[in-house]
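This report is meant to be read beside the sequence and the coordinates. It treats salt bridges, helix packing, backbone angles and the surface in turn.

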Amino acid sequence: MKSDKKPDVCVVGLGYIGLPTAAIVARSGCRVQGVDVTQGVVDTINRGEIHIEEVDLDGLVHAVVKRGLLSASLTVAAADVFVIAVPTPFGPNHEPDISYVLSAARSVAPVLKPGDVVILESTSPVGTTEQIRDLIAEARPDLRVPGLTRETPDVSIAYCPERVLPGRILHELTENDRSIGGITPRCARKALAFYKLFVRGTCVATDARSAEMTKLVENAYRDVNIAFANELSIISDKMGLDVWEVIRLANRHPRVNILSPGPGVGGHCIAVDPWFIVASAPQESPLIRTARGVNDGKIHHVIAKADALITAHPDARVACLGLAFKANIDDFRESPARLVAATLARKYGSRISIVEPFAAELPREFSGTGAIPIDLDEALEDCDILVVLVDHDIFKVVPLAERAGKIVYDTRGIWPDQHKAGAADSAAEGLRLVG
Ligand code: SAJ
């Protein structure tokens, strides 16, 4: 990479991470070429528009495209730095699928020249960055690659995971600390110089395998702790305890921080990444594997409890509040709330209404069930049972007076005062089911 001017950068993969990264790198003054396999994505970006939802991203992409700093194409062209940010899903048996990563590396290899830097950002099993190095070595025997030459390598190869939150991506891409894992320390230094162009957080150099494992560990840690909260909620149900009261009190301990129960774990990160660790060490990861089972099992616990409640009130109209995988965003991928609501809709049909302020229409699995989308006011006026599945802010602020006469199953603990709604018992109005 030339040290005197800003590097030309190629970002392969223009999704939830690649596009914001490309836009922020362009904003730092680099010329950035974004590459994607979908013509519609390429065309949208070249019009200065975006194909994903992310706060402030539209304005930034429009600005850098208009200034000629960001353009998109289907094919990789020569650059100084190559960032690979493509999906890494898992297969039917939770085995990691790095085929998109290897395909991206194959598209980069032919245009590499001495001095270039290749950085993988996609969440990947430990050892993937070395596989990219080996692929480049095979495709370009004319290049000296790091770790396989005693001389100074021609190219640098590194791994740098992101840890951004949807809805805060532009902020966190610049402010969060970054782990920069090089195949060699020299590779880490070259990649670190690139990130210092736009990262204000601390960039910590390490080796590629440690950086790969760091990303998986961060999310597995969170999954295990969510599983603890979900298991607590199931135990509390059995014991007739208010899990939210127990957690609230336990968290007053100076060194206890129990996370929040929910209807399960959604999204394509926390529910996926732990499996990459289990795949690498299946005998040594019983806790991580079991936590995945607890969180996936919680979905079925919530379905069974809601089903029993609806069956016990055959004349009641039901509103499911929320379909998104987490609060205040419009991402429905791998959403437990969506699975719970669709299961109830298939069984109870038009008795079920769906309130999802972040969805313009119901996902396809609701078609033909008879369930209809309604807004929150209609739910509060017309429905007798409220099943809270997502902790959207708009749901949290519903005053007690507007839900006092309702039967509430609150899987997110958003209404701690619900029990004040009346002399709640299994038959009376105002029953509050928690956890
Ligand atoms: N959840 C709970 N209870 C909690 C916290 C979360 O049930 O106490 C559920 C949420 O409802 C959601 C799921 O877990 O369904 C995941 O939510 P999340 O808040 O963990 O958010 P993600 O998946 O959008 O982001 C995570 C973050 N990782 C960590 O917090 C360690 C983010 O920093 C990562 O960048 C992201 O995964 C990722 O892309 O890997």
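The paragraphs below describe selected features of a predicted model.

**Salt bridges**

As general background, side chains of opposite charge can pair when their charged atoms come close. In this model the count comes to 24 salt bridges, and three of the pairs are set out in the table, with the distance between nitrogen and oxygen and the relative accessibility of each partner.

| Pair | N to O distance | Relative accessibility of the acid | Relative accessibility of the base |
|---|---|---|---|
| Aspartate 80 and lysine 113 | 3.2 Å | aspartate 80, 3% | lysine 113, 32% |
| Glutamate 121 and arginine 178 | 3.1 Å | glutamate 121, 2% | arginine 178, 3% |
| Glutamate 172 and arginine 168 | 3.1 Å | glutamate 172, 9% | arginine 168, 41% |

The side chains of aspartate 80 and lysine 113 meet with a nitrogen and an oxygen 3.2 Å apart. Aspartate 80 sits in the loop between β3 (70-73) and β4 (81-84), while lysine 113 sits in the loop between α4 (99-108) and β5 (117-120), so this salt bridge ties together parts of the chain that are 33 residues apart in sequence. With a relative accessibility of 3%, aspartate 80 counts as buried, whereas lysine 113, at 32%, counts as partly exposed. This pair also belongs to a network of salt bridges that links Asp80, Lys113 and Asp116.

Arginine 178 and glutamate 121 form a salt bridge in which the closest N and O atoms are 3.1 Å apart. This pair links distant parts of the chain, since arginine 178 lies in strand β7 (residues 178-182) and glutamate 121 in the loop between β5 and α5 (128-139), with their positions 57 residues apart in the sequence. Arginine 178 is buried, because its relative accessible area is 3%, and glutamate 121 also counts as buried, because its relative accessibility is 2%.

In the salt bridge between arginine 168 and glutamate 172, the N to O distance is 3.1 Å. Here arginine 168 counts as partly exposed at 41% relative accessibility, while glutamate 172 counts as buried at 9%.

**Helix packing**

Two packed helices are described by the angle between their axes and the distance between the axes. Helix α11 (residues 286-312) takes part in the packing with helix α10 (residues 273-280), where the angle is about 140° and the axes are 9 Å apart. That angle makes α10 oblique to α11, and the crossing of α10 and α11 is left-handed.

Helix α11 also packs with α8, the two axes coming within 8 Å and crossing at roughly 40°. That makes α8 oblique to α11, and the crossing of α8 and α11 is left-handed.

**Backbone angles**

Most residues other than glycine have a negative phi. Which value does phi take at aspartate 56? The phi of aspartate 56 is positive, near 70°, although the residue is not a glycine. Aspartate 56 lies in the loop between α2 (39-46) and α3 (57-66), and it counts as exposed because its relative accessibility is 55%, where the cut-off for exposed residues is over 50%.

Glutamate 334 is another non-glycine residue with a positive phi, in this case of about 50°. It is found in the loop between β9 (318-321) and α12 (336-348), and it is exposed, with a relative accessible area of 56%.

**Surface patch and separations in space**

Ile235, Met239, Leu241 and Val246 form a nonpolar patch on the surface, and together they have about 340 Å² of accessible area. Of these residues, isoleucine 235 is placed in helix α8 (residues 208-239), and at 40% relative accessibility it counts as partly exposed.

Two pairs of residues relate separation in sequence to separation in space. Proline 314, in the loop between α11 and β9, is 37 residues from arginine 351 in sequence and 9.3 Å from it in space, C-alpha to C-alpha. Proline 314 counts as exposed at 53% relative accessibility.

Threonine 343, which is found in helix α12, is 181 residues from glutamate 162 in sequence and 34 Å from it in space, C-alpha to C-alpha. Threonine 343 is partly exposed, with a relative accessible area of 24%.

Technical notes: Residues numbered from 1 in each chain as written. Predicted model: local features only at pLDDT ≥ 70, side-chain atom pairs only at ≥ 80, totals over all residues. Heavy atoms only, no water. Patch = residues over 30% accessible without salt bridge, like charges linked within 9 Å, V, L, I, M, F, W, Y side chains within 5 Å. Areas by Shrake-Rupley, 256 points an atom, 1.4 Å probe, with all protein chains shown as cover. Salt bridge = Lys/Arg side-chain N within 4 Å of Asp/Glu carboxyl O. Helix = DSSP H or I, 4+ residues; strand = E, 2+ residues; numbered from the N terminus. Buried < 20%, exposed > 50% of the residue type's maximum accessible area, 1.4 Å probe, protein only. Axes fitted to C-alpha atoms, helices over the stretch in contact; angles between N-to-C directions. Parallel < 35°, antiparallel > 145°, perpendicular 65-115°, else oblique. Left-handed = near helix turned anticlockwise from the far one by under 90°.
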